[in-house]
Amino acid sequence: MIELIDTFPDVNVDPAEYKRLLGYPPERVLEGRARELADLTRAWYAKNGKPWVYARQVETLQIINGSILIEGTTFSSPRLQKTLQEAEAHSAILVAVSAGPELEREAQQCWADEKPDEYFFLEVFGSAVVEHLTTMTGARLCAWAERDGMAVLPHYSPGYPEWDISQQPELRGLMKSLPAARGVEVMESGMLRPKKSLLAVFGLTRHIDRVRKLSDLIPCENCSFSPCQYRRASYRRTRVPSETELLAIPSNKSEDVSSIAPALDHLAKYLVNIKALERWAGERLELKFHHDGTIDAMFRYEGTTCSNMGRALVFHYHVKLGRREEGYPIREQKCRPAPGDEGHRFMCRYMNNAEHLMTAIDHEKPLLGRPLNEVISWHRPMMGSGCYCEPEHRMHKWGLVLETIHFALVRWEKAHENDAKPVSPSPGIPGEGRGEGSRDSSSSLEDQTSNIQHRTFNVEKEMRPHPNPLPEYRARGSEGALIQETYKRERSE
């Protein structure tokens with residue numbers, strides 16, 4: 001059994017991790033005002049911060065009737081339960097970490113004094129401290145477990161995917177020996193006070209070889225503590241899809257386009273309103289067709305946070321599709337904040353634990369390896385808020401993205417059903433050259449699309465005369481019925 005309380009833990013936050021949380025790219029060197037604020041924040045915390053960590057091994061751990069029982073208290077988390085069962089965990093360690101209330105008070109004072117830059121750097125540093133404390137605690141637990149022939153599993157917390165944040169009070173209640181002076185309070189919403197705190201469960205197993213076979217359960221891959229001597233695998237932030245998740249690419253044999261049946265359901269019943277799909281396909285979606293028949297899609301999502309005064313946020317969705325003959329299999333999926341976006345930092349889940357929210361967003365790849373057409377039969381949440389805090393909200397957004405791509409490609413297929421080799425439009429005249437010119441019915445689909453730089457489909461073009469309408473015009477929404485779809489394609493080299 002292990003129990004520890006450390007009121008003077010190491011808080012030497014990795015500069016690279018702090019820079020990442022601030023939103024800077026890895027290659028960027030902090031300079032000028034940013035460098036000054038980062039240094040001042042670190043110096044202030046070194047002098048005034050009072051972080052602490054707490055850990056205790058539980059006496060009993062059971063999984064009964066689909067529930068997790070920790071010392072008689074019931075918790076419901078399918079994700080955590082699956083991890084514990086697959087690793088055959090026999091026990092668990094409860095952990096609490098906090099950057100302390102001092103940083104939160106100082107940040108609030110900076111905001112009151114109209115110093116938003118200082119406020120932001122303090123807030124982000126608090127998140128970095130919590131991540132660092134969690135990492136270091138995990139490393140200490142790994143060292144203890146290794147000596148006894150055990151392994152520590154990745155930590156999991158209420159508020160993560162498939163564990164409702166409302167169970168924070170029950171988890172806090174099991175930490176009976178946590179001193180009140182260094183405690184953490186759970187509010188009715190499930191949020192913690194101080195907010196730069198974290199409650200977590202680390203599974204514990206004696207089946208070390210079993211854990212090594214479960215790549216998703218290797219705790220080292222979720223741990224950034226680089227000098228750890230107990231490391232079993234390298235640290236990775238993004239899960240790489242396994243070979244079984246990706247469809248094999250068939251031979252690049254040329255086919256007569258006229259012999260290819262539609263790869264998508266042209267009579268699909270979308271969950272998303274058709275008018276919305278039309279608008280998004282024209283204004284938010286870019287499709288790039290490659291010589292090998294694959295397609296890169298980029299969708300721009302615009303939303304708002306559900307708290308913190310509804311701040312605007314923008315995310316970019318990147319989807320790579322296989323060839324049409326294969327049914328457009330989804331080979332890659334990525335969802336990330338758009339370059340320069342700051343709104344996502346004000347989501348409540350981000351401010352509570354940035355790394356785990358962003359990791360969850362990064363790992364969620366619905367329908368990966370499946371044909372695009374399966375989005376039509378995909379059962380997913382019908383509604384979602386503008387933020388990314390909850391799994392159902394994120395799945396709802398992926399549904400919007402994939403249905404928009406499906407809708408756009410159905411239009412493309414319909415436009416090419418009797419057009420074996422479309423001719424590129426003339427510059428400056430939308431739609432000119434559509435269907436004219438010679439055709440070679442034996443040419444491959446790749447040959448037919450590789451020479452197209454762009455193609456524009458217009459409906460009632462007089463209603464939107466400008467090819468790239470001004471923001472004021474776009475904002476009119478339903479006043480303009482025209483939807484213009486521009487598909488950008490790679491020019492043949």
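Is Glu-162 buried, exposed or partly exposed? Glu-162 is partly exposed, with a relative accessible area of 39%. This report covers a predicted model.

## Backbone features

Glu-162 is not a glycine, yet has a positive phi of about 70°. Glu-162 lies in the loop between strand E7 (151-156) and helix H6 (168-173).

Asn-65 also has a positive phi, of about 50°, without being a glycine. The loop that holds Asn-65 runs between strand E3 (61-64) and strand E4 (67-70). Asn-65 counts as exposed because its relative accessibility is 78%, and the cut-off for exposed is over 50%.

One cis peptide bond joins Arg-193 to Pro-194, with omega near 0°. Pro-194 sits in the loop between strand E9 (192-193) and strand E10 (197-205).

## Aromatic pairs

The structure holds 14 aromatic pairs. One of them joins Trp-111 and Tyr-119. Their ring centres are 4.9 Å apart, and the planes meet at 55°. That makes the pair tilted, since an edge-to-face pair needs over 60 degrees. The two partners can be placed by accessibility. Trp-111 is partly exposed at 44% relative accessibility. Tyr-119 is buried at 13%.

Trp-280 and Phe-299 form an edge-to-face pair. Here the centres are 6.4 Å apart and the planes stand at 85°. The pair links distant parts of the chain, with the two residues 19 apart. Trp-280 belongs to helix H8 (residues 274-283), and Phe-299 to strand E12 (residues 295-304). Both residues are buried.

## Aromatic cluster

Five named residues form one aromatic cluster: Tyr-18, Tyr-45, Phe-120, Phe-121 and Phe-125.

## Charges over rings

Arg-311 places its charged end over the ring of Phe-346, 3.8 Å from the ring centre. Lys-397 does likewise with Tyr-388. There the charged end is 4.9 Å from the centre of the ring.

## Helix H11

Helix H11 covers residues 391-416, 26 residues in total. At 1.5 Å a residue, H11 should span 38 Å. The end C-alpha atoms are 38 Å apart, so the expected and modelled spans agree.

How many of the 26 residues of H11 are buried? The count is 22, so H11 is largely enclosed by the rest of the structure. Buried here means under 20% relative accessible area.

Definitions and conventions
Residues numbered from 1 in each chain as written. Predicted model: local features only at pLDDT ≥ 70, side-chain atom pairs only at ≥ 80, totals over all residues. Heavy atoms only, no water. Phe/Tyr/Trp six-rings, centres within 6.5 Å; stacked < 30°, edge-to-face > 60°. Buried < 20%, exposed > 50% of the residue type's maximum accessible area, 1.4 Å probe, protein only. Helix = DSSP H or I, 4+ residues; strand = E, 2+ residues; numbered from the N terminus. Lys NZ or Arg CZ within 6 Å of the ring centre and 35° of its normal. Expected span 1.5 Å × (residues − 1).
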